[in-house]
Amino acid sequence: MQDIDYSVQLQLKKNEIITDYELKKITLETSMKIFCKDEFFYRNRMDFPFSFDGPGQRQKGRFDRIVSFEKCYIANSGVDAAFGGVSAWFNAHRAEIDVFDVVKRAGTMRYATIRSPLFSQETSITFIFNAESPRIAEQKELIKQFAAGSAVKNVLLGLVKYNTDQSTVETAEIIKGSDVIFEQLGARKFYFHTQGFFQSNSGVLLDIIHFIREKLEGRYNTLVDLYGGVGTLGISLSGTADEVYVVDNSRLNSICGRKNIEVNGAANVKIIESDAGKIGELALGAGRSVFILDPPRNGIHRKVLSHIKTVLPEKLIYVSCNPATQAHDISVLLENYTLDDFAAFDMFPQTKHVESVAVLSKKPARANI
Ligand SMILES: C[S@@+](CC[C@H](N)C(=O)[O-])C[C@H]1O[C@@H](n2cnc3c(N)ncnc32)[C@H](O)[C@@H]1O
């Protein structure tokens, strides 16, 4: 959306959210607040597929056309510096690099996935190879040479099947440095796996944490951070509850979550590696409780919705990167809850995506009979 004035982008995003909610018969304030930070140079992660011209980005709507460029205007400076390094290396070794051809599904080099947390600058590059290539060993030597000559702290190598399009892997080989990096969020340090989840815009993430903290009222017995990743929200808000449970189904996220409890001295937090759909079996949410829900784009699992409607936590904070599924889930929850507050967060400037946070309170007991 770089061709659209930023103030218009923000209005378009608000309009989209309002329309998604209207479709579910929920009226949001047109004066809804939209938080924003840097309009450009904000992303801490970019996945660059290789073409025969070097690393680039896919042309919109085409899986087989990769556009090369010298500078990305949404990547942060750490990602941009690493991208510049990979591009220069590619140009110097163009004749030796065996690029994966997405049409023929043959060749070796597929992606350079670059992550550079804004406040720690702990950059990592994961090169993704075609696991079926006969030239892996030889191409790996090139990566080793790149790593030795690069200022980037962490270089990894991952293999994916020729017929899957993935830019991270469960098990990556460490060529240099570590497979775990960290971001500094205020006074807290959050480790995350180079192949795991972390929010892509740390500045706006801090705004979301502050917003949620302001909406919590008094002390809770239990805080459940469902779809909790490495515990960013649960640990940041751990001072507001006696017991905090961070539930996530990823092994890599959960390992980092345990480390984050330790480094942040958050002794009242527990990590539960589990599918959110099994929440009913976990028996969480005793006493006065708040649930933070931050699901992937497809929204909350139906078993989670029915569990919430059974245990009726005092407060729900629903963080979403897809207002359409958020509106659907909230329309189901409104039978037992009121929508008290809502704000949008421009986590992804220059793109059509937007993050939104809804705050819901349990209706008084009589209304729930
Ligand atoms: C949008 S991220 C939010 C992470 C975290 N709240 C944060 O702010 O960093 C969604 C998370 O849900 C996890 N996830 C996806 N599907 C899940 C499921 N079925 N059960 C539990 N966790 C899931 C992913 O691993 C990911 O960490």
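In this predicted model, strand 9 (residues 180-185) and strand 10 (residues 188-193) run antiparallel and are joined by six bridges. One of these pairings sets I181 opposite F192, its bridge partner in strand 10. The two strands form a hairpin with two residues between them, and G186 in the turn has a positive phi of about 60 degrees.

**Strand 5 and its partners**

A second antiparallel arrangement is built around strand 5 (residues 109-115), where seven of the seven residues are buried, so that the strand is largely enclosed by the rest of the structure. Strand 2 (residues 45-51) pairs with strand 5 in the antiparallel sense over five bridges, and within this pairing R45 has R115 of strand 5 as its bridge partner. Strand 5 is also joined to strand 6 (residues 124-130) by six bridges, again with an antiparallel course, and here T113 stands opposite T126 of strand 6. The antiparallel pairings described so far are collected below.

| Strand pair | Bridges | Bridge partners |
|---|---|---|
| Strand 9 and strand 10 | six bridges | I181 and F192 |
| Strand 2 and strand 5 | five bridges | R45 and R115 |
| Strand 5 and strand 6 | six bridges | T113 and T126 |

**Chain and domains**

The protein chain as a whole has nine helices and 17 strands. Its C-alpha atoms fill a box of roughly 75 × 45 × 35 Å, taken along the principal axes. For 369 residues, a compact globule would have a radius of gyration near 21 Å, and the 22 Å of the protein chain agrees with this. Of the 369 residues, 45% count as buried. Among contacts with a separation of 6 or more, residues 24 or more positions apart account for 67%.

The domain assignment gives domain 1, which consists of residues 6-39 + 201-368, and domain 2, which consists of residues 45-185. The C-alpha centres of domain 1 and domain 2 lie 32 Å apart. The contact between them takes eight residues from domain 1 and seven residues from domain 2. On the side of domain 1 that touches domain 2, helix 4 (residues 202-215) gives the most, with four residues. The residues on this side of domain 1 divide into four nonpolar, four polar and no charged.

**The ligand shell and D294**

The ligand is surrounded by 17 residues, of which Y227, G229, N249, A276 and D294 are the closest. By class, this shell has five nonpolar, nine polar and three charged residues.

Among the closest residues, D294 is found in the loop between strand 14 (289-293) and helix 8 (302-311). D294 is buried, because 23 other C-beta atoms lie within 10 Å, and 20 or more are required for that class. When residues up to four places away in sequence are not counted, D294 touches Y227, L233 and V319. D294 and G229 are 65 residues apart along the chain, while their C-alpha atoms are separated by 9.0 Å.

**Helix 9 and its packing**

Helix 9 (residues 323-333) has P323, Q326, A327, D329, I330 and L333 as buried residues. These buried residues of helix 9 pack against helix 1 (6-22) and helix 8, and also against strand 15 (315-320), strand 16 (337-345) and strand 17 (355-362).

**Two backbone exceptions**

Most residues other than glycine have a negative phi. Against that background, F41 has a positive phi of about 55 degrees although it is not a glycine, and A283, which is likewise not a glycine, has a positive phi of about 50 degrees. F41 lies in the loop between strand 1 (33-35) and strand 2, whereas the place of A283 is in the loop between helix 7 (279-282) and strand 14. How many C-beta neighbours inside 10 Å does F41 have? F41 has 17 and therefore counts as partly exposed. A283, with 8 C-beta neighbours inside 10 Å, counts as exposed.

Key: Residues are numbered from 1 along each chain as its sequence is written. This is a predicted model: local features need pLDDT of at least 70, side-chain atom pairs count only at pLDDT 80 or more; totals for chains, interfaces and linings use all residues. A residue is near a molecule or strand if its C-beta atom, placed from the backbone, lies within 6 Å of it. Ala, Val, Leu, Ile, Met, Phe, Trp, Tyr, Cys and Pro count as nonpolar, Asp, Glu, Lys and Arg as charged, and the others, Gly among them, as polar. Domain bounds come from an automatic or database domain assignment. Two residues are in contact if their C-beta atoms, placed from the backbone, lie within 7 Å. The radius of gyration is taken over C-alpha atoms; the globule rule is 2.2 Å times the number of residues to the power 0.38. A residue is buried if 20 or more other C-beta atoms lie within 10 Å of its own, exposed if 12 or fewer, and partly exposed in between; C-beta atoms are placed from the backbone. Two strands pair if DSSP finds at least two bridges between them.
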